[in-house]
Amino acid sequence: MKRPIAYVAGTGRGIPAKVMTNHDFAALGLETSHEWIVERTGIVERRIATADETTCSMAVTAARQAMAKAGVHAGELDAIVLSTATPDRLLPSTAVDLQAQLGATRAAAFDLSAACTGWIYGMTVAEGMIQSGVIETALVVGAEKMSAIVDWKDRSTCVLFGDGAGAVVLKRSQSGANKGILSAFLRSDGKLAELLWRPAGGAAVPFSETVLEERSSYVKMAGREVFKHAVRQMSEACDRALDGAKLTGKDIDVLIPHQANHRIIEATAKHASVPMEKVYVNVDRYGNTSSASIPIAIDEAIERGRIKPGTTALLCAFGAGFTWGSMVIRF
Ligand code: COA
């Protein structure tokens, strides 16, 4: 096992107050039901941002909590890595808005786009920046306003997603300390991009009347195909992160998978030989918050005593791209 280079010094979350239950879809005229959504996904409700709540504002809330718990003030941040599939605008990044609002005057700031796997990608990038000696302290945020990009007329996608942000402060490990990131694994396969994507609204197919009419700037997904790949790749990701840390499922105190679907979570846990009592699940309350889902779950798990000093956690994620990845962290 490698000596940890970086450890989690503090965590936080920014969650909109507005709750949307499965029953609320009836008011939108969608042909769906609470029973269908719960049975297929495990989702009971999700949080939806108001017009005033942005990807950045949720990130600010999460970041301030993480910095307070880490005892780190804005001037000590060397880098802000913000993973998002829902930037507040396309240029410049949402990370620079976060940098400005925090007053992180010494920090580099950039967005990272790897969909639901983005926060694990971001943690790995930040760890590498610490290892290279460029930085000492990073803020790694996953923040998503999925309600702004889903098609509220498409029952096969809009019931799945929710809004929120999670953040951690990542600091250089003290020499001799054994807490921190023990392993990481990242993969992608862009040949499968069209199984989960927003076909229009970027530089290749800019916004137009046709895009609006065809609703092609919203998320499109081949649910059944995505499901199969998610189970396969999250399972592979768990194996690789465990191998990297020279651990097995039995050594894991808590498994925090990306919260997309209860059935995917169960299949992943079974493959990793981690019993469901050791799996942290909140997909029932938040739905799929994309790259915010793992840092939100970590913050809650700490608050609820499921993660304590010394806890070994296995994290794994899968998302559009496809991208997938995993990480073992000792807290
Ligand atoms: N309410 C009621 N019926 C719905 C529905 C909804 N919200 N959404 C889809 N349906 C219908 C379909 O139209 C289909 O009807 P048909 O058989 O008449 O065509 C039927 O339910 C079954 O659809 P199917 O896609 O086969 O269901 P499923 O068991 O695969 O469940 C998902 C659908 C989306 C829940 C599931 O495929 C899934 O979770 N996929 C992964 C999604 C995901 O996690 N994406 C993010 C990855 S990061």
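**Opening question**

How many bridges join strand 4 to strand 5? Five bridges do the job, linking strand 4 (residues 79-83) to strand 5, and the two run parallel. Strands here are DSSP runs of E with at least two residues, while helices are runs of H or I with at least four, and both are numbered from the N terminus. Two strands pair if DSSP finds at least two bridges between them.

**Ground rules**

This is a predicted model, where local features need pLDDT of at least 70 and side-chain atom pairs count only at pLDDT 80 or more, though totals for chains, interfaces and linings use all residues. Residues are numbered from 1 along each chain as its sequence is written, and side-chain values use heavy atoms, with hydrogens and water left out.

**The ligand and its shell**

Let's turn to the ligand. It is surrounded by 22 residues, and the closest are Thr32, Arg40, Arg155, Arg224 and Asn261. A residue is near the ligand if one of its heavy atoms lies within 4 Å of it. By type, the shell splits into nine nonpolar, eight polar and five charged residues. For that split, Ala, Val, Leu, Ile, Met, Phe, Trp, Tyr, Cys and Pro count as nonpolar, Asp, Glu, Lys and Arg as charged, and the others, Gly among them, as polar.

Three of the closest residues come with polar contacts to look at, a polar contact being a pair of N or O atoms within 3.5 Å. An N or O atom in the side chain of Arg224 sits 2.4 Å from a ligand oxygen, and one in the side chain of Asn261 is 2.7 Å from an oxygen atom of the ligand. With Arg155 the backbone steps in: one of its polar backbone atoms is 2.9 Å from a ligand nitrogen. The ligand taken alone exposes 960 Å², and the protein buries 75% of that; areas come from the Shrake-Rupley method with a 1.4 Å probe.

**Who builds the shell**

Five elements give two or more residues to the shell: helix 1 (34-41), helix 5 (155-158), helix 7 (223-245), helix 8 (262-271) and strand 12 (312-319). Helix 7 gives the most, with four residues. Domain 1 (6-172) and domain 2 (180-330) each supply at least three shell residues, with bounds taken from an automatic or database domain assignment.

**The two sheets**

One open sheet has five strands in the order 1-7-6-4-5, with mixed pairing. Strand 1 (6-14) and strand 5 (108-112) are at its edges with a single partner strand each, so one side of each has no neighbour in the sheet. Neighbouring strands are turned by 15 degrees against each other on average, direction ignored; the axes behind this are lines fitted to C-alpha atoms. Where strand 4 meets strand 5, Val81 stands opposite Phe110.

The other open sheet has four strands in the order 8-13-12-11, again with mixed pairing. Its edges are strand 8 (180-188) and strand 11 (254-257), each with a single partner, so one side of each is left without a neighbour in the sheet. The twist averages 10 degrees from one strand to the next. Strand 11 runs parallel to strand 12, joined by four bridges, and Val254 has Ala313 in strand 12 as its bridge partner.

**Backbone oddities**

A cis peptide bond joins Leu91 and Pro92, with omega about -10 degrees; Pro92 is in the loop between strand 4 and helix 3 (94-102). Another cis bond joins Gly321 and Phe322, also with omega about -10 degrees, and Phe322 is in the loop between strand 12 and strand 13 (323-330).

Ala115 has a positive phi, near 50 degrees, in a residue other than glycine. Its place is in the loop between strand 5 and helix 4 (118-132).

Note on methods
A polar contact is a pair of N or O atoms within 3.5 Å; within protein, one must be able to donate a hydrogen and the other to accept it, and residues adjacent in sequence count only if both atoms are side-chain atoms. Axes are lines fitted to C-alpha atoms, for helices over the stretch in contact, and angles run from 0 to 180 degrees between N-to-C directions.
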